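Biologist: I am new to this structure and would like a guided tour. May we begin with how the chains meet?

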6 protein chains.
Amino acid sequence: MYSVTVRDNMMIAHSLRGDVFGPAQRLHGATYVVEVTLFRADLDADGIVADIGRATALLGDILAPYAYRNLDELAEFAGRNTTTEILARAIFEHYAEGVRAGRLDGDTGRAIESLAVTLRENPDAWACYEGAVRG
Amino acid sequence: MYSVTVRDNMMIAHSLRGDVFGPAQRLHGATYVVEVTLFRADLDADGIVADIGRATALLGDILAPYAYRNLDELAEFAGRNTTTEILARAIFEHYAEGVRAGRLDGDTGRAIESLAVTLRENPDAWACYEGAVRG
Amino acid sequence: MYSVTVRDNMMIAHSLRGDVFGPAQRLHGATYVVEVTLFRADLDADGIVADIGRATALLGDILAPYAYRNLDELAEFAGRNTTTEILARAIFEHYAEGVRAGRLDGDTGRAIESLAVTLRENPDAWACYEGAVRG
Amino acid sequence: MYSVTVRDNMMIAHSLRGDVFGPAQRLHGATYVVEVTLFRADLDADGIVADIGRATALLGDILAPYAYRNLDELAEFAGRNTTTEILARAIFEHYAEGVRAGRLDGDTGRAIESLAVTLRENPDAWACYEGAVRG
Amino acid sequence: MYSVTVRDNMMIAHSLRGDVFGPAQRLHGATYVVEVTLFRADLDADGIVADIGRATALLGDILAPYAYRNLDELAEFAGRNTTTEILARAIFEHYAEGVRAGRLDGDTGRAIESLAVTLRENPDAWACYEGAVRG
Amino acid sequence: MYSVTVRDNMMIAHSLRGDVFGPAQRLHGATYVVEVTLFRADLDADGIVADIGRATALLGDILAPYAYRNLDELAEFAGRNTTTEILARAIFEHYAEGVRAGRLDGDTGRAIESLAVTLRENPDAWACYEGAVRG
């Protein structure tokens, strides 16, 4: 199995509801370093998993609505905690949708089998969601 | 599949028996940077894999008996080499036991399916053990 | 010249006033990885610049009032932008005060000549303030 | 499952054919940080996945013909793009052949089940090929 | 003294003349991770050393003519070795010129006292040039 | 001012005497990542601070007597604590002696003005000694 990973980051504010979060129930923030890994069994005719330029641009487009935002105010997350795990899943869903929509070009869109999205919140903690691009 | 990783480190002395180890047969030491990854299929009601505070505390409790020790003198490893691989497995077993015992709280204890324990011994070498929490 | 550096991190929310900040004028946040370097010309009788345990504890105490907070609401920064540079300076002033007050123990307090405080806000940007412990 | 990873790097020149590569169609270069992960189900009698010294030496031998070279001039890659993915696969094939040939010693050669080869080309992009050692 | 650092990278080919370079006399390449640190004694009215967006854009503009190029073919370096040290100095000169020309805005241009330019060529080697912005 | 840095690492055991060291009074160990920075005002005729191959070899020769050793048993450190600071100074002295003795070649030996030696003991703590090559 081949994979390619692209990386970007975003700086956001948010708060978390639930006693389990202790001081993180207060409004605070994070720099999330975001890595998206694209998996496929074989390479295309150019010898790549995906065009790294397009793969990076798709990630940038997905992060743009979150960047420099208070996630508590975004309709997308209304009524939900924006934990690192839930953000990883949200970015995964947007990225998978972009892949299916041909954002990486048509052939790549069909060949990518699964994605892993990792969000690093500080040097000692990170979360990941990995799943298939097609249900 | 979701995962969360927490990280800590320990500084230990040890020696290794066997010609294969060359100069590492002498008493020497290591800073081990230890990463524990917890895997589960779905998130809990709070939107997390596990309480990161508890997950980190469990790791700290497991590393405490090794920290600032000569592993050659620990009963746990009597008659065995404390290679990076064997230490990864030992920390895995202690962590899995902690998960089963409800150290991450009862619901999380039941939901965590597997663990991966990585020990980085220097910038150019590391080892990992990954396995199911329940036989 | 000798130096020792200790590292910690904090996750905060804030906003910045001024056109120069563009989208960072909105409420957002950051994980700040904070490094404090202590400089002195000679070592103490134990062969150290400072007790690393105390040096780390002092940093933790200084970051505690900021951790998991919206810096816009802190009296300390009323009427000022909490840029990375200003935060580096604020942590420097608190740390220098701690050193002068003997928090690292009396002898070390007298020997530390200067401090450098670095705040890393993302993988591609960081700021530093370096100055003397005594005017 | 156990694994051990060893790391090395190489500095090469190359160019890539195909419109998808944009400016990378020009002759340029890269520092590739190369990580090889060896997987096996159980440890050997010494408590290791493989002799880390031999595992590192094998990687060094494989990278030597590429180091400080223009890959466009190597017969091995004639008529093919030396993308990060294709280089990861080439290093995988050479390493798997070395494992099968007993380069890590006979017992280890038989026990290693699969390999993952990761090439990091810059802080924001890397590629990996993972596969079985035996068809 | 305050400082701010911004980071970018470039992937280039080149060769080096002189027996001292051994195999690096052959055409090869590198990923250079480039860090530029801007020093000034006091902050501006916004509480910053420089607009990090402009500081990053200036670095990007300076690296653009080198990116995905064979440095052996650039007129700028005709008759000179493009060692890491010489590249650090070249980027320093271009950046200092940009600062003096007001690329970071007029006030910042006058306040920046010195720059340090670091080029990391692999995990185990890097070079730096530090100097005053004004002769 | 120009500088070049080379990096290596060593894995050692040791213990520290003095109440200030708490649990580190017990026999334990560390992976020390060692960085040596060489400073000089101008480059040589080849456009370098020093031959990076020789600079790395000199560091390797200096670390060899410590590697995979219990520093408590080395005559060099008899009666002294092998704190990170003292090790940084010891490596500095050996490296400066090597520079003065022409190990980097004669011209470089005369041109290197100062050295900085950094030892990283874990992700959150490191020490440095910087000084002139000639008294």
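Modeller: Please bear in mind that this is a predicted model. Chain D and chain A bury about 1,400 Å² between them, and carbon and sulfur atoms account for 51% of that area.

Biologist: Which three residues supply the most of what chain D buries against chain A?

Modeller: They are Val20(D), Glu85(D) and Trp126(D), which supply 43% of the area that chain D buries against chain A, more than any other three residues.

Biologist: How many residues does each chain bring to that contact?

Modeller: Chain D brings 18 residues and chain A brings 16 residues.

Biologist: And how many salt bridges are counted between chain D and chain A?

Modeller: The count is one salt bridge. In a salt bridge, the side chains of Arg7(A) and Asp124(D) meet at 2.9 Å, N to O. There are also nine residue pairs in polar contact between chain D and chain A, both residues being at pLDDT 80 or more.

Biologist: Which element gives the largest share of the side of chain D that touches chain A?

Modeller: That is β4(D), with six residues. By class, this side of chain D has nine nonpolar, three polar and six charged residues.

Biologist: How do β1(A) and β4(D) pair?

Modeller: The two strands pair in the antiparallel sense over five bridges. Thr5(A) stands opposite Trp126(D) in β4(D).

Biologist: What do the strands close into?

Modeller: Twelve strands close into a barrel with antiparallel pairing. The order is β1(A)-β2(A)-β3(A)-β4(A)-β1(B)-β2(B)-β3(B)-β4(B)-β1(D)-β2(D)-β3(D)-β4(D). On average, neighbouring strands of this sheet are turned by 25° against each other, direction ignored.

Biologist: Where does helix α1 of chain A lie?

Modeller: Helix α1 (residues 52-63) of chain A lies across β1 and β2 of chain A together with β3 and β4 (125-132) of chain D, and it runs at about 20° to β1(A).

Biologist: Let us turn to chain C. How much area is buried between chain A and chain C?

Modeller: The buried area is about 1,900 Å², of which carbon and sulfur atoms give 58%. Met11(A), Arg26(A) and Tyr68(A) supply 30% of the area that chain A buries against chain C, more than any other three residues.

Biologist: How many salt bridges and polar contacts cross there?

Modeller: Across the interface of chain A and chain C, zero salt bridges are found. Eleven residue pairs are in polar contact between chain A and chain C, both residues being at pLDDT 80 or more.

Biologist: What about chain C and chain D?

Modeller: No contact joins chain C and chain D, and their closest C-alpha atoms lie 9 Å apart.

Technical notes
Residues numbered from 1 in each chain as written. Chains lettered and ligands numbered in written order. Predicted model: local features only at pLDDT ≥ 70, side-chain atom pairs only at ≥ 80, totals over all residues. Heavy atoms only, no water. Contact = heavy atoms within 4.5 Å. Buried area = accessible area lost by both parts, 1.4 Å probe. Salt bridge = Lys/Arg side-chain N within 4 Å of Asp/Glu carboxyl O. Polar contact = N/O pair within 3.5 Å; in protein donor to acceptor, adjacent residues only side chain to side chain. Pairing = 2+ DSSP bridges. Helix = DSSP H or I, 4+ residues; strand = E, 2+ residues; numbered from the N terminus. Axes fitted to C-alpha atoms, helices over the stretch in contact; angles between N-to-C directions. Nonpolar A, V, L, I, M, F, W, Y, C, P; charged D, E, K, R; others polar.
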